[in-house]
Amino acid sequence: MTESSARIPAIERLTCVIPAGGVGSRLWPLSRANAPKFLLDLTGSGDSLLRATWDRLAPLVPAERTMVVTGISHRDSVAEQLPELLGENLVTESEPKDSSSAIGLAAAILELRDPDAILGSFAADHVIRGDVLFQRAVTTAVQAADQGYIATIGIHPSHPATGFGYISTGDARRDLAPFDVYDVTEFVEKPDAAQAEGYLSNGGYLWNAGMFIARASVLLEQMALQQPALVESLREIAAAWDTERGADVRERLWPTLPKIAIDYTVAEPAASAGKMVCVAAHFDWDDVGDFASVANLLTRGRGSDLAVLGDGAQVLSDASSGIVVSESSRLVALVGVEDVVVVDTADVLLVTSKSRAQDVKNLVSRMKVTGGGHLL
(Lines give C-alpha, C1' and ligand atoms only; values in the text may rest on other atoms or scores of the structure.)
Protein backbone atom coordinates (compact mmCIF):
# COMPACT_ATOMS: atom_id res chain seq x y z
CA MET A 1 0.00 0.00 0.00
CA THR A 2 1.38 3.43 -0.89
CA GLU A 3 1.67 6.23 1.64
CA SER A 4 -1.00 8.28 -0.17
CA SER A 5 -3.50 5.41 -0.19
CA ALA A 6 -3.06 4.89 3.55
CA ARG A 7 -4.83 8.22 4.04
CA ILE A 8 -7.78 7.16 1.85
CA PRO A 9 -10.35 4.94 3.61
CA ALA A 10 -10.42 1.44 2.15
CA ILE A 11 -14.07 1.68 1.14
CA GLU A 12 -13.22 4.71 -1.00
CA ARG A 13 -10.69 2.62 -2.92
CA LEU A 14 -13.29 -0.08 -3.69
CA THR A 15 -14.41 -0.62 -7.27
CA CYS A 16 -17.29 -3.05 -7.74
CA VAL A 17 -17.02 -5.36 -10.73
CA ILE A 18 -20.14 -7.07 -12.05
CA PRO A 19 -19.35 -10.09 -14.24
CA ALA A 20 -22.41 -10.42 -16.51
CA GLY A 21 -21.91 -13.59 -18.46
CA GLY A 22 -23.38 -17.03 -18.96
CA VAL A 23 -26.73 -17.92 -20.46
CA GLY A 24 -28.25 -19.78 -17.52
CA SER A 25 -29.07 -22.92 -19.48
CA ARG A 26 -31.14 -24.45 -16.66
CA LEU A 27 -33.58 -21.58 -17.20
CA TRP A 28 -34.09 -22.33 -20.91
CA PRO A 29 -36.27 -21.51 -22.83
CA LEU A 30 -36.76 -18.30 -20.82
CA SER A 31 -33.03 -17.59 -20.72
CA ARG A 32 -31.34 -17.70 -24.13
CA ALA A 33 -28.18 -16.51 -25.82
CA ASN A 34 -29.76 -13.20 -26.85
CA ALA A 35 -31.65 -12.77 -23.55
CA PRO A 36 -29.49 -14.33 -20.82
CA LYS A 37 -30.53 -14.76 -17.23
CA PHE A 38 -28.94 -11.56 -15.93
CA LEU A 39 -31.01 -9.41 -18.30
CA LEU A 40 -34.30 -10.95 -17.14
CA ASP A 41 -36.73 -10.07 -14.36
CA LEU A 42 -37.00 -13.33 -12.42
CA THR A 43 -38.45 -11.81 -9.25
CA GLY A 44 -41.49 -10.01 -10.62
CA SER A 45 -40.07 -6.70 -9.39
CA GLY A 46 -39.96 -5.05 -12.80
CA ASP A 47 -36.14 -4.90 -12.75
CA SER A 48 -33.66 -7.32 -14.27
CA LEU A 49 -31.20 -9.15 -12.04
CA LEU A 50 -28.43 -6.95 -13.48
CA ARG A 51 -30.29 -3.75 -12.61
CA ALA A 52 -31.00 -5.02 -9.10
CA THR A 53 -27.30 -5.82 -8.64
CA TRP A 54 -26.31 -2.30 -9.72
CA ASP A 55 -28.84 -0.72 -7.34
CA ARG A 56 -27.60 -2.90 -4.46
CA LEU A 57 -24.04 -1.70 -4.98
CA ALA A 58 -24.91 1.97 -5.49
CA PRO A 59 -24.83 2.87 -1.76
CA LEU A 60 -21.29 1.46 -1.57
CA VAL A 61 -19.65 2.95 -4.66
CA PRO A 62 -20.49 5.70 -7.17
CA ALA A 63 -21.00 4.96 -10.87
CA GLU A 64 -17.41 5.89 -11.72
CA ARG A 65 -16.24 3.02 -9.50
CA THR A 66 -18.56 0.36 -10.91
CA MET A 67 -17.51 -1.86 -13.82
CA VAL A 68 -19.41 -4.45 -15.83
CA VAL A 69 -17.72 -7.25 -17.76
CA THR A 70 -19.96 -8.81 -20.41
CA GLY A 71 -19.98 -10.40 -23.83
CA ILE A 72 -19.74 -8.05 -26.79
CA SER A 73 -23.16 -9.24 -28.04
CA HIS A 74 -24.77 -7.96 -24.82
CA ARG A 75 -23.00 -4.61 -24.74
CA ASP A 76 -25.98 -2.60 -26.01
CA SER A 77 -28.49 -4.33 -23.70
CA VAL A 78 -26.29 -3.74 -20.67
CA ALA A 79 -25.80 -0.09 -21.59
CA GLU A 80 -29.54 0.32 -22.05
CA GLN A 81 -30.35 -1.20 -18.65
CA LEU A 82 -27.56 0.74 -16.90
CA PRO A 83 -27.53 4.27 -18.35
CA GLU A 84 -25.34 5.43 -15.43
CA LEU A 85 -22.53 3.06 -16.43
CA LEU A 86 -19.55 4.96 -17.85
CA GLY A 87 -18.29 3.83 -21.24
CA GLU A 88 -14.76 3.22 -19.96
CA ASN A 89 -16.18 0.93 -17.28
CA LEU A 90 -18.02 -1.35 -19.71
CA VAL A 91 -15.55 -4.14 -20.48
CA THR A 92 -16.52 -6.51 -23.28
CA GLU A 93 -15.31 -10.02 -24.06
CA SER A 94 -15.19 -11.18 -27.67
CA GLU A 95 -15.90 -14.72 -26.48
CA PRO A 96 -16.55 -16.22 -23.03
CA LYS A 97 -13.41 -17.33 -21.20
CA ASP A 98 -14.83 -18.00 -17.71
CA SER A 99 -14.37 -16.00 -14.53
CA SER A 100 -10.58 -15.95 -14.23
CA SER A 101 -10.24 -13.97 -17.44
CA ALA A 102 -13.29 -11.78 -16.86
CA ILE A 103 -12.44 -10.78 -13.29
CA GLY A 104 -8.71 -10.87 -13.97
CA LEU A 105 -9.01 -8.38 -16.83
CA ALA A 106 -11.02 -6.01 -14.65
CA ALA A 107 -8.33 -6.34 -11.97
CA ALA A 108 -5.56 -5.61 -14.48
CA ILE A 109 -7.34 -2.49 -15.73
CA LEU A 110 -7.95 -1.31 -12.15
CA GLU A 111 -4.35 -1.99 -11.15
CA LEU A 112 -3.19 0.43 -13.84
CA ARG A 113 -5.72 3.08 -12.88
CA ASP A 114 -4.85 2.85 -9.18
CA PRO A 115 -2.15 0.51 -7.82
CA ASP A 116 -3.96 0.46 -4.47
CA ALA A 117 -7.44 -0.24 -5.84
CA ILE A 118 -9.61 -2.78 -4.07
CA LEU A 119 -11.80 -4.92 -6.31
CA GLY A 120 -15.09 -6.49 -5.29
CA SER A 121 -16.66 -8.99 -7.69
CA PHE A 122 -20.42 -9.57 -7.49
CA ALA A 123 -22.31 -11.71 -9.99
CA ALA A 124 -24.98 -10.00 -12.08
CA ASP A 125 -27.52 -12.82 -11.80
CA HIS A 126 -28.02 -13.48 -8.08
CA VAL A 127 -30.96 -12.46 -5.90
CA ILE A 128 -30.28 -10.89 -2.50
CA ARG A 129 -32.75 -9.75 0.11
CA GLY A 130 -31.42 -7.60 2.92
CA ASP A 131 -29.41 -4.89 1.19
CA VAL A 132 -28.24 -3.25 4.44
CA LEU A 133 -26.85 -6.58 5.69
CA PHE A 134 -25.21 -7.11 2.29
CA GLN A 135 -23.55 -3.71 2.41
CA ARG A 136 -22.35 -4.34 5.96
CA ALA A 137 -20.77 -7.64 4.88
CA VAL A 138 -19.02 -6.00 1.92
CA THR A 139 -17.65 -3.23 4.11
CA THR A 140 -16.22 -5.83 6.50
CA ALA A 141 -14.70 -7.77 3.60
CA VAL A 142 -13.09 -4.58 2.26
CA GLN A 143 -11.34 -4.02 5.60
CA ALA A 144 -9.93 -7.55 5.44
CA ALA A 145 -8.87 -7.05 1.81
CA ASP A 146 -7.06 -3.87 2.77
CA GLN A 147 -4.86 -5.99 5.06
CA GLY A 148 -3.75 -8.09 2.08
CA TYR A 149 -6.22 -10.95 2.32
CA ILE A 150 -8.52 -12.26 -0.36
CA ALA A 151 -11.99 -12.15 1.16
CA THR A 152 -15.17 -13.91 0.19
CA ILE A 153 -18.70 -13.69 1.54
CA GLY A 154 -20.42 -16.86 2.71
CA ILE A 155 -24.12 -17.30 3.36
CA HIS A 156 -25.53 -19.09 6.40
CA PRO A 157 -27.37 -22.08 4.88
CA SER A 158 -31.11 -22.19 5.49
CA HIS A 159 -31.50 -25.75 4.20
CA PRO A 160 -29.28 -28.62 3.00
CA ALA A 161 -28.92 -27.38 -0.56
CA THR A 162 -27.19 -29.65 -3.06
CA GLY A 163 -27.06 -27.03 -5.81
CA PHE A 164 -24.49 -24.75 -4.14
CA GLY A 165 -20.83 -25.06 -3.29
CA TYR A 166 -19.82 -24.68 0.36
CA ILE A 167 -17.06 -22.92 2.32
CA SER A 168 -15.51 -24.66 5.31
CA THR A 169 -14.57 -22.05 7.90
CA GLY A 170 -11.82 -22.19 10.51
CA ASP A 171 -10.74 -19.86 13.30
CA ALA A 172 -12.42 -16.52 13.93
CA ARG A 173 -10.27 -13.60 12.81
CA ARG A 174 -10.96 -11.01 15.49
CA ASP A 175 -7.76 -9.22 14.46
CA LEU A 176 -9.60 -8.26 11.25
CA ALA A 177 -13.11 -7.61 12.61
CA PRO A 178 -14.91 -8.06 15.95
CA PHE A 179 -17.15 -10.79 14.53
CA ASP A 180 -18.23 -12.68 11.38
CA VAL A 181 -14.75 -13.07 9.83
CA TYR A 182 -13.13 -16.52 9.67
CA ASP A 183 -10.24 -18.27 8.02
CA VAL A 184 -11.25 -20.36 5.01
CA THR A 185 -9.96 -23.92 5.31
CA GLU A 186 -11.53 -25.40 2.19
CA PHE A 187 -13.91 -24.82 -0.71
CA VAL A 188 -16.25 -27.78 -1.15
CA GLU A 189 -17.94 -28.70 -4.43
CA LYS A 190 -21.70 -29.25 -4.59
CA PRO A 191 -22.45 -32.07 -2.13
CA ASP A 192 -24.93 -34.91 -2.27
CA ALA A 193 -27.98 -34.82 0.01
CA ALA A 194 -26.32 -36.71 2.89
CA GLN A 195 -23.25 -34.45 2.85
CA ALA A 196 -25.41 -31.33 2.74
CA GLU A 197 -27.38 -32.56 5.75
CA GLY A 198 -24.11 -33.09 7.58
CA TYR A 199 -22.83 -29.62 6.73
CA LEU A 200 -26.02 -28.09 8.08
CA SER A 201 -26.12 -30.11 11.31
CA ASN A 202 -22.39 -29.90 12.08
CA GLY A 203 -22.05 -26.17 11.41
CA GLY A 204 -18.91 -24.44 10.19
CA TYR A 205 -20.07 -24.50 6.57
CA LEU A 206 -21.42 -21.61 4.54
CA TRP A 207 -22.83 -21.41 1.03
CA ASN A 208 -20.28 -20.16 -1.48
CA ALA A 209 -21.88 -17.13 -3.16
CA GLY A 210 -18.93 -16.53 -5.48
CA MET A 211 -18.15 -13.04 -4.20
CA PHE A 212 -14.48 -12.04 -4.00
CA ILE A 213 -12.96 -8.88 -2.53
CA ALA A 214 -9.23 -8.16 -2.73
CA ARG A 215 -6.72 -5.58 -3.76
CA ALA A 216 -6.49 -5.86 -7.53
CA SER A 217 -2.74 -6.42 -7.34
CA VAL A 218 -3.10 -9.15 -4.68
CA LEU A 219 -5.71 -11.00 -6.73
CA LEU A 220 -3.49 -10.93 -9.83
CA GLU A 221 -0.42 -12.02 -7.86
CA GLN A 222 -2.33 -15.00 -6.50
CA MET A 223 -3.67 -15.88 -9.95
CA ALA A 224 -0.17 -15.64 -11.42
CA LEU A 225 1.04 -18.39 -9.08
CA GLN A 226 -1.29 -20.80 -10.89
CA GLN A 227 -1.56 -19.22 -14.33
CA PRO A 228 1.41 -16.91 -15.00
CA ALA A 229 0.84 -16.80 -18.77
CA LEU A 230 -2.82 -15.86 -18.27
CA VAL A 231 -1.96 -12.94 -16.00
CA GLU A 232 0.81 -11.79 -18.34
CA SER A 233 -1.70 -11.69 -21.21
CA LEU A 234 -4.35 -9.94 -19.14
CA ARG A 235 -1.88 -7.25 -18.11
CA GLU A 236 -0.83 -6.78 -21.73
CA ILE A 237 -4.46 -6.41 -22.80
CA ALA A 238 -5.10 -3.96 -19.96
CA ALA A 239 -2.04 -1.86 -20.83
CA ALA A 240 -3.40 -1.35 -24.36
CA TRP A 241 -7.06 -1.13 -23.34
CA ASP A 242 -7.60 2.60 -23.86
CA THR A 243 -5.09 3.03 -26.67
CA GLU A 244 -5.25 2.78 -30.44
CA ARG A 245 -3.64 -0.65 -30.16
CA GLY A 246 -6.33 -1.92 -27.81
CA ALA A 247 -8.50 -3.72 -30.34
CA ASP A 248 -5.55 -5.39 -32.06
CA VAL A 249 -4.06 -6.62 -28.77
CA ARG A 250 -7.42 -7.99 -27.59
CA GLU A 251 -8.01 -9.72 -30.94
CA ARG A 252 -4.58 -11.34 -30.76
CA LEU A 253 -4.55 -12.44 -27.13
CA TRP A 254 -8.12 -13.04 -25.97
CA PRO A 255 -8.69 -16.23 -28.03
CA THR A 256 -5.52 -17.73 -26.51
CA LEU A 257 -6.69 -17.41 -22.89
CA PRO A 258 -7.64 -20.61 -21.05
CA LYS A 259 -11.20 -21.18 -19.85
CA ILE A 260 -10.84 -21.58 -16.10
CA ALA A 261 -12.92 -20.50 -13.12
CA ILE A 262 -11.48 -18.14 -10.53
CA ASP A 263 -12.22 -20.76 -7.87
CA TYR A 264 -9.29 -22.79 -9.24
CA THR A 265 -6.85 -19.96 -9.98
CA VAL A 266 -7.45 -17.86 -6.87
CA ALA A 267 -9.92 -19.08 -4.25
CA GLU A 268 -8.81 -22.65 -3.60
CA PRO A 269 -5.04 -21.98 -3.79
CA ALA A 270 -5.39 -18.90 -1.56
CA ALA A 271 -7.33 -20.93 1.01
CA SER A 272 -4.61 -23.62 1.00
CA ALA A 273 -1.98 -20.91 1.53
CA GLY A 274 -3.84 -19.28 4.43
CA LYS A 275 -4.54 -16.11 2.44
CA MET A 276 -8.34 -16.41 2.24
CA VAL A 277 -10.88 -15.21 4.80
CA CYS A 278 -14.65 -15.34 4.77
CA VAL A 279 -17.28 -12.93 6.04
CA ALA A 280 -20.26 -14.90 7.35
CA ALA A 281 -23.20 -12.86 6.11
CA HIS A 282 -26.79 -12.74 7.32
CA PHE A 283 -28.73 -11.69 4.22
CA ASP A 284 -30.91 -13.97 2.08
CA TRP A 285 -29.21 -15.13 -1.11
CA ASP A 286 -30.03 -17.36 -4.05
CA ASP A 287 -28.37 -17.85 -7.42
CA VAL A 288 -31.80 -18.75 -8.93
CA GLY A 289 -30.11 -21.43 -10.96
CA ASP A 290 -33.24 -23.28 -12.11
CA PHE A 291 -37.03 -22.99 -12.21
CA ALA A 292 -37.41 -24.72 -8.84
CA SER A 293 -35.31 -21.91 -7.33
CA VAL A 294 -37.45 -19.29 -9.07
CA ALA A 295 -40.62 -20.96 -7.75
CA ASN A 296 -39.30 -21.05 -4.20
CA LEU A 297 -38.21 -17.42 -4.48
CA LEU A 298 -41.60 -16.21 -5.71
CA THR A 299 -43.60 -18.22 -3.17
CA ARG A 300 -41.19 -17.49 -0.29
CA GLY A 301 -40.67 -21.23 0.11
CA ARG A 302 -44.33 -22.20 0.31
CA GLY A 303 -44.16 -25.39 -1.73
CA SER A 304 -47.93 -25.82 -1.85
CA ASP A 305 -48.35 -22.57 -3.78
CA LEU A 306 -48.29 -22.00 -7.53
CA ALA A 307 -45.91 -19.24 -8.66
CA VAL A 308 -46.73 -17.28 -11.80
CA LEU A 309 -44.20 -15.17 -13.70
CA GLY A 310 -44.76 -13.11 -16.83
CA ASP A 311 -46.42 -9.85 -17.79
CA GLY A 312 -50.07 -10.57 -18.54
CA ALA A 313 -49.72 -14.30 -17.84
CA GLN A 314 -53.09 -16.04 -17.86
CA VAL A 315 -53.19 -19.05 -15.55
CA LEU A 316 -56.15 -21.07 -14.28
CA SER A 317 -55.30 -23.70 -11.67
CA ASP A 318 -57.06 -26.16 -9.41
CA ALA A 319 -55.18 -28.08 -6.71
CA SER A 320 -51.83 -27.46 -8.41
CA SER A 321 -48.41 -26.24 -7.27
CA GLY A 322 -45.09 -25.34 -8.84
CA ILE A 323 -44.47 -22.53 -11.31
CA VAL A 324 -45.87 -21.25 -14.59
CA VAL A 325 -43.79 -18.85 -16.67
CA SER A 326 -45.72 -17.45 -19.60
CA GLU A 327 -44.64 -15.15 -22.42
CA SER A 328 -47.70 -15.94 -24.54
CA SER A 329 -51.29 -14.68 -24.52
CA ARG A 330 -52.87 -18.11 -24.26
CA LEU A 331 -54.43 -19.51 -21.12
CA VAL A 332 -52.41 -22.09 -19.18
CA ALA A 333 -54.77 -24.40 -17.26
CA LEU A 334 -53.61 -26.84 -14.58
CA VAL A 335 -55.68 -29.40 -12.70
CA GLY A 336 -54.31 -31.59 -9.92
CA VAL A 337 -50.61 -31.41 -10.73
CA GLU A 338 -48.05 -30.86 -7.98
CA ASP A 339 -44.60 -29.27 -8.26
CA VAL A 340 -45.01 -28.75 -11.99
CA VAL A 341 -42.86 -26.44 -14.12
CA VAL A 342 -44.50 -24.97 -17.22
CA VAL A 343 -42.62 -22.46 -19.38
CA ASP A 344 -44.63 -21.18 -22.34
CA THR A 345 -42.81 -19.01 -24.88
CA ALA A 346 -43.59 -18.07 -28.46
CA ASP A 347 -41.63 -20.98 -29.92
CA VAL A 348 -41.05 -23.48 -27.10
CA LEU A 349 -43.23 -25.14 -24.46
CA LEU A 350 -41.30 -26.74 -21.60
CA VAL A 351 -42.99 -29.03 -19.07
CA THR A 352 -41.07 -30.67 -16.24
CA SER A 353 -41.16 -30.98 -12.46
CA LYS A 354 -39.39 -28.99 -9.76
CA SER A 355 -37.42 -32.10 -8.79
CA ARG A 356 -36.06 -32.42 -12.35
CA ALA A 357 -35.59 -28.71 -13.01
CA GLN A 358 -31.78 -29.00 -12.96
CA ASP A 359 -31.98 -31.51 -15.82
CA VAL A 360 -33.16 -28.83 -18.26
CA LYS A 361 -29.47 -28.20 -18.87
CA ASN A 362 -29.20 -31.70 -20.35
CA LEU A 363 -31.83 -30.84 -22.96
CA VAL A 364 -29.89 -27.75 -23.93
CA SER A 365 -26.72 -29.81 -24.37
CA ARG A 366 -28.57 -32.29 -26.59
CA MET A 367 -30.05 -29.52 -28.73
CA LYS A 368 -26.61 -28.13 -29.46
CA VAL A 369 -25.67 -31.34 -31.25
CA THR A 370 -29.05 -32.26 -32.79
CA GLY A 371 -29.78 -29.15 -34.81
CA GLY A 372 -31.82 -27.19 -32.29
CA GLY A 373 -29.27 -24.46 -31.79
CA HIS A 374 -31.54 -21.83 -33.35
CA LEU A 375 -33.79 -22.17 -30.28
CA LEU A 376 -30.99 -21.51 -27.81
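## The second largest pocket

The lining of the second largest pocket is made up, by class, of four nonpolar, four polar and three charged residues. This description, like the rest of the report, concerns a predicted model. The space in the second largest pocket comes to about 240 Å³, and its lining consists of Leu30, Leu40, Asp41, Gly44, Gly46, Leu309, Gly310, Asp311, Val325, Ser326 and Glu327.

## The largest cavity

When the whole structure is searched, one cavity of 30 Å³ or more is found. The largest cavity holds about 40 Å³ of space, and the residues that line it are Arg56, Phe122, Ala123, His126, Ile128, Phe134 and Met211. Sorted by class, the lining of the largest cavity has five nonpolar residues, one polar residue and one charged residue.

## Nonpolar cores

The largest nonpolar core contains 50 residues, and those with the most contacts inside it are Val78, Phe134, Ile153, Met211, Ile213, Phe283 and Trp285. At least two residues of this core come from each of β1, α2, α5 (131-146), β6 (150-155), β8 (181-188), α6 (193-202), β9 (205-215) and β10 (276-281). The largest share is that of α5, which supplies seven residues. Two of the residues named for their contacts in this core, Phe134 and Met211, also appear in the lining of the largest cavity.

Which residues are in contact with Val78, once its neighbours within four places in sequence are left aside? They are Phe38, Leu39, Leu50, Val68, Thr70, Leu85 and Leu90. Apart from the largest core lies another core, this one of 46 residues, and its members include Phe212, Leu253, Leu257 and Met276.

## Cysteines without a disulfide

How many disulfides does the count come to? The count comes to zero, and the distances between the cysteines show why: the cut-off for a disulfide is a pair of sulfur atoms within 2.5 Å, whereas the sulfur of Cys16 lies 17 Å from the closest cysteine sulfur, that of Cys278, which is too far for a bond. Seen from the other side, Cys278 is likewise in no disulfide, and the cysteine sulfur nearest to that of Cys278 belongs to Cys16, 17 Å away.

Are these cysteines buried or exposed? Cys16 has a relative accessible area of 0% and is therefore buried, and Cys278, at 0% relative accessibility, also counts as buried.

## Backbone features

Most residues other than glycine have a negative phi, and most peptide bonds are trans. Against that background, three places in the backbone can be described in turn. The peptide bond that runs from Trp28 to Pro29 is cis, with an omega near 10°, and Pro29 itself is found in the loop between β1 (14-20) and α2 (49-57).

Asp98, although it is not a glycine, has a positive phi of about 75°. Asp98 belongs to helix α4, which covers residues 98-113, and, with a relative accessibility of 41%, Asp98 counts as partly exposed. Arg300, another residue that is not a glycine, has a positive phi near 55°. Arg300 lies in the loop between α11 (291-299) and β12 (306-309), and its relative accessible area of 57% makes Arg300 exposed.

Notes:
Residues numbered from 1 in each chain as written. Predicted model: local features only at pLDDT ≥ 70, side-chain atom pairs only at ≥ 80, totals over all residues. Heavy atoms only, no water. Buried < 20%, exposed > 50% of the residue type's maximum accessible area, 1.4 Å probe, protein only. 1 Å grid on protein atoms, 1.4 Å probe; cavity = no way out; pocket = protein on both sides within 12 Å on 5 of 7 lines; lining within 4 Å. Points joined across faces, edges and corners; volume = space filled by probe spheres on them. Nonpolar A, V, L, I, M, F, W, Y, C, P; charged D, E, K, R; others polar. Helix = DSSP H or I, 4+ residues; strand = E, 2+ residues; numbered from the N terminus. Core = buried A, V, L, I, M, F, W, Y, C linked by side-chain atoms within 4.5 Å. Contact = heavy atoms within 4.5 Å.
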